[in-house]
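Here are a few friendly notes to read alongside the structure. Please keep the model open while you go through them.

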Amino acid sequence: MQRIPEEKIDEIRSQVDIVDVVGNYVQLKKQGRNYTGLCPFHGEKTPSFSVSPEKQIFHCFGCGKGGNVFSFLMQIDGLSFVESVKKVADLAHIPLDVAISQGDSAPGNKPDSQESKMIEIHQLASKLYHYLLMETEEGQEALQYLLDRGMSEQELDHFEIGFAPAHASTVTTFLKKREVDLALAVESGLLTERDDGEVVDRFRNRIMFPIKNDRGQLVGFSGRLFNQEDGPKYLNSPETPIFNKRNILYHFSDARQEIRKKEEILLLEGYMDVISSVSATFSNGVASMGTSLTEEHVQMIRRVTNRAIICYDGDRAGIEASFKAGTMLAEQHRLEVFVLQLPNGKDPDDFIRSEGAEKFAEIYTHQRLTWTAFKLQFFKQNRNLQNETDKIAYLGEALAEIGKLDQAVERELYLKQLGSEFDLSMEALKQQLQQTVVVKPKPHDYGGPPPESYGEYPSYEGDGGPVYEQFSFAQPSGVPSAGLTSEKRLLKYMLEDRDAFIQIRNLLEEHQTDFYHDNYKALYTHLIGFYASGNDANPLALMDQLKDDMARNLVSELEMMTVNTDVSIEEYQDYVQSLTKSSIERDIKEKEQALLTATQQGDMPAALELARTITTMRATMKNTPN
């Protein structure tokens, strides 16, 4: 098998902007020359993740992860190096006309995992289910049911909807013929094992909705009853190594691009709601598959947008679910939230099918409720406003909510609405509001004072509009030593200039000194091999050859540094001498500790010899130029 030639890898890398690729996973904001956002590799509320379009790298100043476009996909999607190159090539519409095997080419390449095999099994089953629905007499009743509900064959094809027959072994027999490991199919949740040990289909006599994770991989199914009442209306795949409802939003991977385009996500309750919303040109719709919104769901949403439109069913349960989801999004995670309430308590699927896409678009665009407006309506539902006690209690709740608003104009608007509704004067409402509101300091993600500002990053709170709060990148605690700063700068120059590498290496050998920190020393060793192979300075290509994540992270960190580009050999000399002094300082500290031990043990000859050595070392360091 051939390897992917380096020049082909360079071509593929050069044809795709890392900002576009990372932007599919992270909500990025322009910040000077770079783009910043919340890191997808660790939980955070203050952005420490940066992408450089100029250098085509990413780096998180919080967790330290970094790399180029290939290593980003390797880490975020769990791909091998070859798979990441193929994915980027597809994005760039560049054909890969070489044979590639799993064992080829790649730092970081890995054999197929059990999880990837489970995904392949689900893909096989999905194709079978769809064929059974669309092309067989057995699936005719289910197909007609879907068509009668207003679905088109184009929608059925687009969402790969299928049918699981009532037989106990349709999929089991299909997989057996393809020599699939049935035990793995059971572990994946597609099949199930009876008490007597017989392996059978889990899903029977159901319309099948394939479910993908946020990377677009098919990891589970939801089967819907359509012609009987025996059993739950929806049966989802069980929790498996590849499927967990807490981490999955239906249609999220396909909706991501439209969410970024619209700058908002449409939260729905069911599969049919999503399918109908897409048919109505609202392809930013996703569903949480019958489960409450989770922290994991919110983190997925926050990576792509700061605004959520909730459109759950119009019945009491749907309204309660809207309140619960909105509270989590708006008040716990500070997203901008709106709520759509469809007429007559209809769910989105029924409304779009009966009233049409234009009517839904009208409500979506012009009749959305702000989060505050929805809450004021929500607080009314359990109260009899003809009763004075309930009326006073409601006004107290309403004023408490209005008091949370930052914008005076918005507070005035809601106060006027209350005054008009209950025939109260603005003076009385404002006086009561002053007694209700408690001014709270703006919270930070940590204890202590706000960080030193390096820029601004938009959050959404209070008035529903962007409020710019100060942020800083997470930095190592303490002030870096002169030696550490010198190591970073020297490696930075060597990464970006082959001549600088040669000059600095000669200086290091001349002064008989080396890098102290293990990661820096390892990267220096990699650079020696990289340039010895005839490569020119190319940090992106170097990253592709590094097998160690720590080394890639260090390269991205160094590439994010800003240094003087007009540098002389005298400056290199100063940094190398700083390394020498730092080395002597460490040796002196070790000798001083040994001197203390010798003195405590009464070993005076050893103590005297150590004292002489320390004096000589201090003189050497004193004579070393600053």
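How do the residues of the lining of the largest cavity divide into nonpolar, polar and charged? Keep that in mind for the second point; please also remember that this is a predicted model.

1. Let's begin with the empty space inside. A search of the whole structure turns up three cavities of 30 Å³ or more. The largest cavity holds about 70 Å³ of space.

2. Now to the opening question. The lining of the largest cavity consists of six nonpolar residues, one polar residue and three charged ones. To find the place in your viewer, select Asn24, Tyr25, Pro40, Ile76, Asp214, Phe252, Arg256, Met300, Arg303 and Val304, which line this cavity. The charged members are Asp214, Arg256 and Arg303, while Asn24 is the polar one.

3. Next, have a look at helix 12 (residues 295-302) and helix 13 (residues 316-332). Their axes come within 11 Å and cross at roughly 55 degrees, and the two helices are therefore oblique to each other. The crossing of helix 12 with helix 13 is right-handed. Helix 12 brings Glu295, Val298 and Ile301 to the contact, and helix 13 brings Met328, Leu329 and Gln332. By type, these contact residues are four nonpolar, one polar and one charged. Met300, one of the residues lining the largest cavity, lies within the residue range of helix 12.

4. Further along the chain, helix 21 (residues 498-510) packs against helix 25 (residues 569-600) at an angle of about 40 degrees, with the axes 10 Å apart. That angle makes helix 21 oblique to helix 25. Their crossing is right-handed. On the helix 21 side you will find Ala500, Gln503, Ile504, Leu507 and Leu508, which meet Ile569, Tyr572, Gln573, Val576 and Leu579 of helix 25. This contact of helix 21 with helix 25 has eight nonpolar residues, two polar ones and no charged ones. The polar pair is Gln503 and Gln573.

5. How are helix 22 and helix 24 set against each other, at what angle and how far apart are their axes? Helix 22 (residues 518-532) and helix 24 (residues 549-560) pack at about 90 degrees, with 10 Å between their axes, which makes helix 22 roughly perpendicular to helix 24. Asn519, Tyr520, Leu523 and His526 of helix 22 make the contact with Met550, Ala551, Leu554, Val555 and Leu558 of helix 24. Seven of the residues in this contact are nonpolar, two are polar and none is charged. Asn519 and His526, both in helix 22, are the polar ones.

Definitions and conventions:
Residues numbered from 1 in each chain as written. Predicted model: local features only at pLDDT ≥ 70, side-chain atom pairs only at ≥ 80, totals over all residues. Heavy atoms only, no water. Axes fitted to C-alpha atoms, helices over the stretch in contact; angles between N-to-C directions. Helix = DSSP H or I, 4+ residues; strand = E, 2+ residues; numbered from the N terminus. Parallel < 35°, antiparallel > 145°, perpendicular 65-115°, else oblique. Left-handed = near helix turned anticlockwise from the far one by under 90°. Contact = heavy atoms within 4.5 Å. Nonpolar A, V, L, I, M, F, W, Y, C, P; charged D, E, K, R; others polar. 1 Å grid on protein atoms, 1.4 Å probe; cavity = no way out; pocket = protein on both sides within 12 Å on 5 of 7 lines; lining within 4 Å. Points joined across faces, edges and corners; volume = space filled by probe spheres on them.
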